[in-house]
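Work through these exercises with the sequence and the model side by side. Try each task before reading its solution.

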Amino acid sequence: MPNSNKTYISELKNNVGGEVTLSGWLYQARSSGKIQFLIVRDGTGLCQCVVEKGKIANELFEQLKHLGQESSLTITGTVRAEERSVGGYELAVTGAEIISPAVDYPITPKSHGIDFLLKNRHLHLRSQRQWCIGKIRHTVIDAIRRFFNDNGFTLIDTPIFTAAAGEEEQTLFEADYFGTPMYLTQTGQLHLEAAAMSFGKVYCFGPTFRAEKSKTRRHLTEFWMVEPEVAFIDLAGLLELAENFVSFIVTHVLQNNKGELETLGADIDTLEKTKPPFYRLTYTEAVDILTGRKTQDFLAEQLKELQSQKQQTESKIAELEKQQAGQLKQWQRDKIAAELIELRADLAETNTKIENNPKHAKLAAEFQWGKDLGGSDETIISQMHDKPVFVTHYPKKAKAFYMKTDRDNDKVVLNFDLLAPAGFGEIIGGSAREDDYDLLVKRIAEYGLDVENYLWYLDLRKYGSVPHGGFGLGVERTIAWLTGEKHIRQCIAFPRMMDKVYI
RNA sequence: UCCCCGAUAGCUCAACUGGUAGAGCGAGCGGCUGUUAACCGCUAGGUUGUAGGUUCGAGUCCUACUCGGGGAGCCA
């Protein structure tokens, strides 16, 4: 091994002209007779290492040429700035040592199906895309903790095993707790309310489990949620807290992960607009929008766009198919075939959207005041805005028992959802909590719940009750929004989905 | 739980109205001194998800099952 400085790829910019040693894995390799381009990853980034014949021992040159993808190695060379390289720097290799050669790595640089990738999740984590998402997730979680810690909140760890339900009973995972049934937590909220009466401002942050039979791109059965709870706060205060919080996360990610966002193709311009104040709609206003002219026009316009998109894709496909019929080199033929696969997938997606458009229009037009907003309704509202939107004051019937009844209109509760823009949908749900003892007892009864299970919760209204409230933010949904990732399962290292847990 | 689509080489996909399976990537060998999912040549690799049925003949048609994808409802 030559005598040189061990370093990380992220530090290369500080070592231009110097000789350094990297430890990592072979991500990709191209060779051209007397020159090889090895892309090495070390956990901090990617670096192109240029190996020239004659600059290193012939034997080593041959070994490197036959090294399999994901082999581990240390590699030494001189750092130079190079525009053509990933990351802007590259290594002129002077030496290398193979630590462990890898043979037949299953994930190739070409495209793969999602089932295959999830089966190989332990390896897929090494891919550029998953690495970028992981880095952003780290920043999001760091920002969450930083925001609350720096704003006078105290962290409370609420239990994972719970006796009573926080949300819907049917969606609880049951566990056998020494012979008695217990449930995996769906929210730390009830316990958090108790803690808020001690510390004032508190938050909990941990995994949440919901046995919803939801097979969609927005659902996991195990996901991470952060929930703040504040004493002496009203709905307006909660909205302000939520918009400052979300803006803080976005700013943090933009500061720390621009490169990752670019690699992922995220919509950075829109993210940069995410600053308070966010839009505010009441549920009633949202319903008026959904059932009104504006939504029908909006959807009609969208349908037109989709149809022209469909035509464009179809004519592109037709053109490529024509080309395919002509005389071509094999590699040209393959390139066309690959493009066709992508275009056909796009077309299928566009077709689904076209198919759904009138259904969504109908659902929106026929929306009845009193129902909870459906997924498509949320998407429509969210698509109409370029910044997150609060929807507040939902009908009491559609919401949980602990939400505070609006004293000016007892048909609605003082709650809110925050919808991420451009169609991503709900990332936060929250409310002011019912703080009146008698009203809360009544609500528990109305929901057919057993008051016996909520005696301790009612105590909080008995001994110095105060107006208070809080909300929950879904970490994976937030990451999906920030990264532009279509499916939430890519936003956690080892996703747990309904009916399917891979590894 | 419901609706739609799919399952062909290790991976991603082809195979016109039923006529006996073909590419690329990956792997192996060789060539190429600036590649960007590099390129070029050669080699190996398949009882077409399972079980039945129709037919002279099934990857292709029918039935059931298994697995997967997308969407709906519900939600963060």
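Is Asp142 buried, partly exposed or exposed? Asp142 counts as partly exposed, because its relative accessibility is 29%. The classes are these: buried is under 20% relative accessible area, exposed is over 50%, and partly exposed is in between (1.4 Å probe, protein chains only).

A note on the model comes next. This is a predicted model, in which local features need pLDDT of at least 70 and side-chain atom pairs count only at pLDDT 80 or more, while totals for chains, interfaces and linings use all residues. Residues are numbered from 1 along each chain as its sequence is written, chains are lettered from A and ligands numbered from 1 in the order in which they are written, and side-chain values use heavy atoms, with hydrogens and water left out.

**Exercise 1. Describe chain A as a whole.**

Step 1. Take the secondary structure. Chain A has 15 helices and 19 strands. Both are DSSP runs, numbered from the N terminus: helices are H or I with at least four residues, strands are E with at least two.

Step 2. Take the extent. The C-alpha trace of chain A spans about 85 × 55 × 45 Å along its principal axes.

Step 3. Take the burial. Chain A has 503 residues, and 47% of them count as buried.

**Exercise 2. Find the salt-bridge partner of Asp142, then look at other pairs.**

Step 1. Apply the rule. A salt bridge is a side-chain nitrogen of Lys or Arg within 4 Å of a carboxyl oxygen of Asp or Glu. The count comes to 24 salt bridges.

Step 2. Identify the partner. Asp142 pairs with Arg146, with the closest N and O atoms 3.0 Å apart. Both residues lie in helix H4, four residues apart, about one turn of the helix. Arg146 is partly exposed, at 39% relative accessibility.

Step 3. Go on to Arg129. Its side chain meets that of Glu485 in a salt bridge (3.0 Å, N to O). This pair links distant parts of the chain, 356 residues apart: Arg129 is in helix H4 (residues 128-149), and Glu485 is in the loop between helix H15 (475-483) and strand S18 (496-497). Arg129 is partly exposed at 37%, whereas Glu485 is buried at 10%.

Step 4. Compare Glu476 and Arg137. Their closest N and O atoms are 2.9 Å apart in a salt bridge. Glu476 in helix H15 and Arg137 in helix H4 are 339 residues apart, and the pair links distant parts of the chain. Glu476 is buried, because its relative accessibility is 1%. Arg137 is also buried, at 13%.

Step 5. Look for a network. Salt bridges link Lys404, Arg407, Glu434 and Asp435.

**Exercise 3. Locate the cavity and sort its lining.**

Step 1. Recall the idea. Rolling a probe the size of a water molecule over the atoms shows where empty space is left. A cavity is a set of points, on a 1 Å grid over the protein atoms alone, where a 1.4 Å probe fits but cannot get out; lining residues have an atom within 4 Å of a point. Grid points are joined across faces, edges and corners, and a volume is the space filled by probe spheres set on the points.

Step 2. Count. The structure holds one cavity of 30 Å³ or more. About 30 Å³ of space lies in the largest cavity.

Step 3. Name the lining. It is made of Leu118, Arg121, Phe494, Pro495, Arg496, Tyr502 and Ile503.

Step 4. Sort the lining. Five of its residues are nonpolar, none is polar and two are charged. Here Ala, Val, Leu, Ile, Met, Phe, Trp, Tyr, Cys and Pro count as nonpolar, Asp, Glu, Lys and Arg as charged, and the others, Gly among them, as polar.

**Exercise 4. Pick out unusual backbone geometry.**

Step 1. Check the peptide bonds. Pro276 and Pro277 are joined by a cis peptide bond, with omega about -5°. Pro277 lies in the loop between helix H8 (268-272) and strand S13 (279-282).

Step 2. Check phi at Asp104. Phi is positive, about 55°, although Asp104 is not a glycine. Asp104 lies in the loop between strand S6 (89-100) and helix H2 (114-119). Asp104 is exposed, at 72%.

Step 3. Check phi at Phe232. Phi is near 60°, a positive value in a residue other than glycine. The loop between strand S12 (222-231) and helix H6 (235-256) holds Phe232. Phe232 is exposed, at 64%.

Conventions: On a 1 Å grid over the protein atoms alone, a cavity is a set of points where a 1.4 Å probe fits but cannot get out, and a pocket is an open set with protein on both sides within 12 Å along at least five of seven lines; lining residues have an atom within 4 Å of a point.
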